[in-house]
Each structure stands twice: as C-alpha cells, then as structure tokens.
Amino acid sequence: PPGGPPDAAAAAALAPQSQSQRPSVHTEDARYFVITSNTKDNVVKSVRHSLWATQRKNEQSLDEAFRSSPAVILVFSVNRSEAFQGYALMRSPVGRPRSRSGDPFNGFGRLFDIEWLRLHDLPYREVEHIRNSLNFDRPVQGSRDGQELSNGAGQRLCQLIDRHIDDPDSFPKPQAPPSVAAAALLSEKRRKEKRYRKAPDHLEATFDEQIEYFLSLDFEDYCEWHKRFGAASPGPLSPPGMDRPPPDPFFGLAPLHAAHLRGAGPPPMGMSPPHGVPWHPPHGMPPPMLHHPPHFHPVHMPPWGHLPSHHLARVAPY
C-alpha cells in the first residue's frame, strides 16, 4: 500500500547487491590497469568519496578503455607498501563525475567516478609468479602508475585479493616472531659460543691478554672450553675432576733430538746423547757409523742429566 513498508521483492530490488550476487566483472573483455598512489590517505579519500584522479598521461588510455570495454578494473597499490590494497571499477569517463560536491584531491587531476569492489592487502611476495605480457613479461608488482595488465594477469591478481577475503584460511599462516624468552636463549647461546673459542695463542698473545680471556669465563664456561680445547691449548689448571692429558715432554726440542729421545733414531751427527738417555738401534738394525767431517768440532751440550724432567720441555740445544 502507498506509504506502507515495501514488500520483500521491492526491498530486494532496492538493496545493494553483494559481491557474490552481482554479475562478475572479470570477463574476457575486461581491461585492467595498475594505479599507484603516493600516500595511503589518497586511497582512504577515494574509498570515502568513490572518486579518483590520475596523472594527465594516464587520462587518455583510461578514457578510451572505459568507452570501448564492458569493464575497466583499477588495481591500487600505495608506493613503498610492498602490497596491492584492492581493486575498483571505473564508473564514469575522465572529467565527468556524477558528484560535484568537491575535490578531495585538491586539483591533482580531473575526477572520475569509481566503485570499490574489494579492499584488502595483497603482499607482493604472493604475486611474484604473475607476469604481465603487456609489459615485457615483467612481474606485476613492478608496474608503473597507469600500466595496463593483460586480461589473464589482471584476473589472477583480483582472484588472489578475493581469496584473501572469501577464504583466508587457504593461505599459509605467517610464522610468529620468536618470543622474548627464545630470543634471550639464542643470544646467550651465541655469547657462549663466542666465549668457547680458542684461547689466545700462548706464543703470540701477551700475558695480560691471556689472563683477560680466562677471567672472562665463568666456571661452567671454562669447563666447556677445557673439554673442547684443553688437550691442545695451554691454560690454567684443569677443573676438578677433569684431568688434562700429559704434555709432550719433548716439546720445544729440535726435531732430531726429539726423535732420538723418543727412541725413533740415533742422536744427530756430532752430538752425544744426553746423559742418562742411551740409544740402542732397533732389533736387526746395525749400529750407525758415526764419523765427523773434516774440521768439525762437536758442539758442547748442556748437562741434560742434571736438569729436572719438567725442564726438558723448554730447553732446546744450541
């Protein structure tokens, strides 16, 4: 009745159609363009006023596409956002908007009407596989402002945005950043790994450098260092319950003397064996013929037999 509530059919006709109810605009004849914005504020103004203004160089191509195609889809991306923000449908020729209420873009370009269809971030990393045959087959995320997309690339781009809205669970969940506790444990592990490095070289580093290194280790750190490097590197006393392998008593001697003292060969030519360390040839080996070359005088050796055994590691023959 006049003045009464509309019937259900009239109410359905007056209600705006949802995205799933309206006919798809993504047809084989639709044309797609990438629109870049310097700031996100301009995208917010566009959504609020259903308007857009583009650069002068883009106006002719957009106007021609609007007059010759059943649908012109504009895919928006804010500069330095590393994402697309959604897509809109062009609703009027350039310079002929239906609304004359004002210019939200302060005269940047001639206005035209648009209808936002989808508004959702689509990260660039998810579209790296989509190439644009109208731009030398380059990735779509590298498009400049006003770049036209091939129909296939445009449809796949919009389908990904739709999927983010309609079926967000189909995308893998982003990995959560490590918790503060996990980050602290990782930092402590790295700190200990750095401390467990080999001690300063005992022949090249100064005494103060070696003292500073070992004083920087707590007891647990030193026990771990000792297990890793104690057999090869000199250091302070072994921790309780951890015995260091006995040192080489012939460390520091000339190679020939060291070999002789270990029983591996006769003493060097012209040098008598140290007192108390006789050498006998191995079984079946004839004794060596020791002789002196002309004008050779045997080198006088220090009294090895009178030195304590722990000094042998530091005394080298002259």
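1. Strand pairing around β3. β1 and β3 pair in the parallel sense, over seven bridges. In that pairing, Ile35 stands opposite Phe76 of β3. This is a predicted model, and the points below should be read with that in mind.

2. The antiparallel partner. β3 also pairs with β4, in the antiparallel sense and over four bridges. Here Leu74 is opposite Ala88 of β4. The β3 and β4 hairpin has four residues between its strands. Arg80 takes a positive phi there, near 65°.

3. Burial of β3. Is β3 enclosed or open to its surroundings? Seven of its seven residues are buried, so β3 is largely enclosed by the rest of the structure. Both faces are covered. Val72, Leu74, Phe76 and Val78 lie on one side. Ile73, Val75 and Ser77 lie on the other.

4. The largest nonpolar core. This core has 23 residues. Ile73, Phe84, Val127, Val140 and Leu157 touch the most other members. The elements that contribute two or more residues are β1, β3, β4, β5 and α4. Of these, α4 gives the most, with five residues. As a general pattern, nonpolar side chains in soluble globular proteins tend to be buried together.

5. The second core. A separate core of 20 residues includes Phe33, Ile35, Trp52 and Leu74. Leu74 and Ile73 are on opposite sides of β3. Leu74 belongs to this second core, while Ile73 belongs to the largest one.

6. Val140. Which residues does Val140 touch, beyond those up to four places away in sequence? They are Phe84, Val127, Ile130, Arg131, Asn132, Leu149, Ala153 and Leu157. Among them, Phe84, Val127 and Leu157 are also named with Val140 as the members of the largest core that touch the most others.

7. Helix α4. This helix covers residues 151-166, 16 residues in total. Its span from first C-alpha to last is 22 Å, close to the 22 Å expected at 1.5 Å a residue. Its buried residues are Asn151, Ala153, Gly154, Gln155, Leu157, Cys158, Leu160, Ile161, Asp162 and His164. An α-helix has 3.6 residues a turn, so residues three or four places apart point the same way. The buried set includes Ala153, Leu157, Leu160 and His164.

8. What α4 packs against. The buried residues of α4 pack against six strands: β1 (31-37), β3 (72-78), β4 (83-90), β5 (111-123), β6 (131-132) and β8 (148-149). Leu157 of α4 is one of the residues that touch the most other members of the largest core.

9. Ser92, a polar residue to check. Ser92 sits in the loop between β4 and β5. Buried or exposed? At 3% relative accessibility, Ser92 counts as buried, because the cut-off for buried is under 20%. Its side chain reaches the backbone nitrogen of Asp113 at 2.8 Å. A polar atom of that side chain also lies 3.4 Å from the backbone oxygen of Arg96. Leaving aside neighbours within four places in sequence, Ser92 contacts Phe66, Pro97, Phe112 and Asp113.

10. The chain overall. The secondary structure comes to eight helices and eight strands. Of the 318 residues, 35% count as buried. Among contacts between residues at least 6 apart in sequence, 59% join residues at least 24 apart. The chain exposes about 21,000 Å², and carbon and sulfur atoms supply 57% of that area.

Key
Residues numbered from 1 in each chain as written. Predicted model: local features only at pLDDT ≥ 70, side-chain atom pairs only at ≥ 80, totals over all residues. Heavy atoms only, no water. Expected span 1.5 Å × (residues − 1). Buried < 20%, exposed > 50% of the residue type's maximum accessible area, 1.4 Å probe, protein only. Contact = heavy atoms within 4.5 Å. Areas by Shrake-Rupley, 256 points an atom, 1.4 Å probe, with all protein chains shown as cover. Core = buried A, V, L, I, M, F, W, Y, C linked by side-chain atoms within 4.5 Å. Pairing = 2+ DSSP bridges. Polar contact = N/O pair within 3.5 Å; in protein donor to acceptor, adjacent residues only side chain to side chain.
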